[in-house]
Amino acid sequence: MSKAFEAPRILHTSDRAGGFPRTLLRWWDRFRAERRIRARVRKLGALDDHILRDIGLSRSYVEHVARHGPETGRSGNGKGSDL
């Protein structure tokens, strides 16, 4: 029998298992991570310039530190605060 005359295969939910739930979970994880980052930015942004300078940050570097960590992309001694 020729394949041209076969009925199209019906996709069952088991064929797509995990697709939508996995996508939803990835979105939710990214959403929560972004909220944590924004909370760090708010906390660091609430500090005055003198305190930021004491811990080795400038105000323009606050968001970078909140997103990537204290020593990413800058030369330092390897010691940094655990944000």
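**Aromatic cluster and salt-bridge network**

At 45% relative accessibility, W27 counts as partly exposed, a class lying between buried (under 20% relative accessible area) and exposed (over 50%), with a 1.4 Å probe and protein chains only. The model is predicted, so local features need pLDDT of at least 70 and side-chain atom pairs count only at pLDDT 80 or more, whereas totals for chains, interfaces and linings use all residues. Residues are numbered from 1 along each chain as its sequence is written, and side-chain values use heavy atoms, with hydrogens and water left out.

W27 lies in helix α1, residues 19-45; helices are DSSP runs (H or I, at least four residues) numbered from the N terminus. The structure holds three aromatic pairs. In one of them, the ring centres of W27 and W28 are 6.2 Å apart and the planes stand at 40 degrees, so this pair is tilted. W27 also pairs with F31 in a stacked arrangement, with 5.4 Å from centre to centre and 15 degrees between the planes. Rings of Phe, Tyr and Trp (its six-membered ring) are taken to pair if their centres lie within 6.5 Å; planes under 30 degrees apart count as stacked, over 60 as edge-to-face and the rest as tilted. W27 and F31 are four residues apart in helix α1, about one turn of the helix. W28 and F31 are partly exposed, with relative accessible areas of 41% and 33%, respectively. W27, W28 and F31 form one aromatic cluster.

These three residues, together with F20 and L24, make a nonpolar surface patch of about 560 Å². Patches are made of residues with over 30% relative accessible area and no salt bridge; like charges are joined within 9 Å and nonpolar side chains (Val, Leu, Ile, Met, Phe, Trp, Tyr) within 5 Å. Accessible areas come from the Shrake-Rupley method with a 1.4 Å probe, and for residues only the protein chains shown count as cover.

Four salt bridges are present, each defined as a side-chain nitrogen of Lys or Arg within 4 Å of a carboxyl oxygen of Asp or Glu. E34 bridges to R38 at 3.3 Å, N to O, and E34 is partly exposed at 23% relative accessible area. R67 meets E34 at 2.7 Å, N to O. Because R67 lies in helix α3 (residues 62-68) and E34 in helix α1, the pair ties together parts that are 33 residues apart in sequence. R67 also bridges to E63, with the closest N and O atoms 3.1 Å apart. E34, R38, E63 and R67 are thus linked in a network of salt bridges.

Key: Helices (H or I, at least four residues) and strands (E, at least two) are DSSP runs, numbered from the N terminus.
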